[in-house]
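Visitor: Could you take me through this structure step by step? I would like to start with the chain as a whole and then turn to its parts.
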Amino acid sequence: MALTKQYFSAAGKPIRCKAAVARKAGEPLVIEEVIVAPPKAHEVRLKIICTSLCYTDIIAWRMKEFPGCFPRILGHEAFGVVESVGEDVDELKEGDSVVPIFLPDCMDCVDCKSKKSNLCSKFPFQASPLLHRDDTSRFTNAEGETLHHFLYISSFSEYTVVDVVNVTKIDPEIPPNRACLLSCGVSTGVGAAWKTANVEPGSTVVIFGLGSVGLAVAEGARLCGATRIIGVGRNSDKFEIGKQFGVTEFVNSKSCGDKSVSQVIIEMTNGGADYCFECVGQATLVQEAFACCRKGWGKTIVLGVDKPDAQLNLSSYEVLQSQKTLTGSFFGGLKPKSDVPILVKRYLDKELELDKFVTHEVNFEDINKAFDLLIQGKSLRCVIWMDK
């Protein structure tokens, strides 16, 4: 992507730019002038080219209690270019094309070096409103008021500062409005099918919830060669959308009569599905997913974010006797710095179909319209261009 030299002229100095600031829970974002400090050691300052809206941003925007906090710059799915680097940054340089990712990847700790985990132990994920290493912010307004970060990214700003463990360098050939999708939702769904479940060709897959993440699971399952991809939801219109992502059948949970969803699926699949994905964030649906995966080898993968105090109620005997597997999938089990570039290549090779996830695009000043579209269920991913 060709960039002019003006993007790289403020190294070591604060930058004044525009950001969309969330000042009160649930109230429209306000476009304000903010001051973005230069990066400290192990940090980079990014010029955000475009950002997309994820439902996690909506959840945080509505939260009145911690981890909700205000004033804050939300946003975490983005494509950007490195404007300047702090001390001790070796893997990135000015002008690199990158996607910031909420899940740290230090590439040095025992977990990051292992193929068994993507949960960094040196920088454990937390819903912190500040940056990793010194618990401070790089954002202030003209009056000196501190503005909080979001998921270490804060992409609803023309410039942002991000720790190097949260930045992945990618091939600049991918269009910005497709690259940004790989920062969170699409990677999570595709990765859950590819990495966490390791879906096999010919498999039967059931997906509870056909929002963006659920549809990304369908896309991942399609890439893995699943034969049957069954979507479960309460809105049959979602089936028509799901067909574009490889969904072959649909179960409307409101039309199951006196049977449970799991009973319906067990009958449809002659004993249960090979892989079940819960993408809503409800403990009761996790239990239904576990109930309808096949005994002996069935896997249930949890992607949905439920309330922190939500509890599962599973029979200990069934867990033992059925030999099923239940596991979580944070960021789809992907290691950001090694696996996301693979997804970029698969898109460039016309295997991974990202285009169909983008239903709307707006300019930065219309960012609140993107919120309205997602809340009303009218968009999958709305791309917000910072300067188009």
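Visitor: What share of the chain's residues count as buried?
Guide: In this predicted model, 55% of the 388 residues of the chain count as buried.

Visitor: And how much area does the chain expose?
Guide: The chain exposes about 16900 Å². Carbon and sulfur atoms supply 50% of that area.

Visitor: What is the radius of gyration, and what would a compact globule have?
Guide: The chain has a radius of gyration of 21 Å. A compact globule with 388 residues would have a value near 21 Å, so the two agree.

Visitor: What box do the C-alpha atoms fill?
Guide: Taken along the principal axes, the box is roughly 65 × 40 × 40 Å.

Visitor: How many helices and strands are there?
Guide: The chain has eleven helices and 17 strands.

Visitor: What about contacts between residues at least 6 apart in sequence: what share join residues at least 24 apart?
Guide: Of those contacts in the chain, 71% join residues at least 24 apart.

Visitor: Now for the domains. Which residues does UniProt list for the N-terminal one?
Guide: An unreviewed UniProt entry lists residues 41-170 as "Alcohol dehydrogenase-like N-terminal". In the model, this span is 9% helix and 28% strand, and its end C-alpha atoms lie 22 Å apart.

Visitor: And the C-terminal one?
Guide: For "Alcohol dehydrogenase-like C-terminal", the unreviewed UniProt entry gives residues 213-343. Here the chain is 39% helix and 17% strand, with the end C-alpha atoms 15 Å apart.

Visitor: I would like to look at a sheet. In what order do the six strands of the open sheet come?
Guide: The order is 12-11-10-13-14-15, and the pairing is parallel. Strand 12 (249-252) and strand 15 (325-328) stand at the edges. Each has a single partner strand, so one side of each is left without a neighbour in the sheet. From one strand to the next, the twist averages 20°.

Visitor: How many bridges join strand 14 to strand 15?
Guide: Four bridges join them, and strand 14 covers residues 299-302. Lys 299 stands opposite Thr 325, which belongs to strand 15.

Visitor: Which strands does helix 4 lie across?
Guide: Helix 4 (residues 185-196) lies across strand 13 (275-278), strand 14 and strand 15. The helix runs at about 145° to strand 14.

Key:
Residues are numbered from 1 along each chain as its sequence is written. This is a predicted model: local features need pLDDT of at least 70, side-chain atom pairs count only at pLDDT 80 or more; totals for chains, interfaces and linings use all residues. Side-chain values use heavy atoms; hydrogens and water are left out. UniProt positions are given in the numbering used here, feature names are shortened, and annotations may be inferred rather than shown by experiment. Helices (H or I, at least four residues) and strands (E, at least two) are DSSP runs, numbered from the N terminus. Two strands pair if DSSP finds at least two bridges between them. Axes are lines fitted to C-alpha atoms, for helices over the stretch in contact, and angles run from 0 to 180 degrees between N-to-C directions. Contact means heavy atoms within 4.5 Å. The radius of gyration is taken over C-alpha atoms; the globule rule is 2.2 Å times the number of residues to the power 0.38. Buried means under 20% relative accessible area, exposed over 50%, partly exposed in between (1.4 Å probe, protein chains only). Accessible areas come from the Shrake-Rupley method with a 1.4 Å probe; for residues, only the protein chains shown count as cover.
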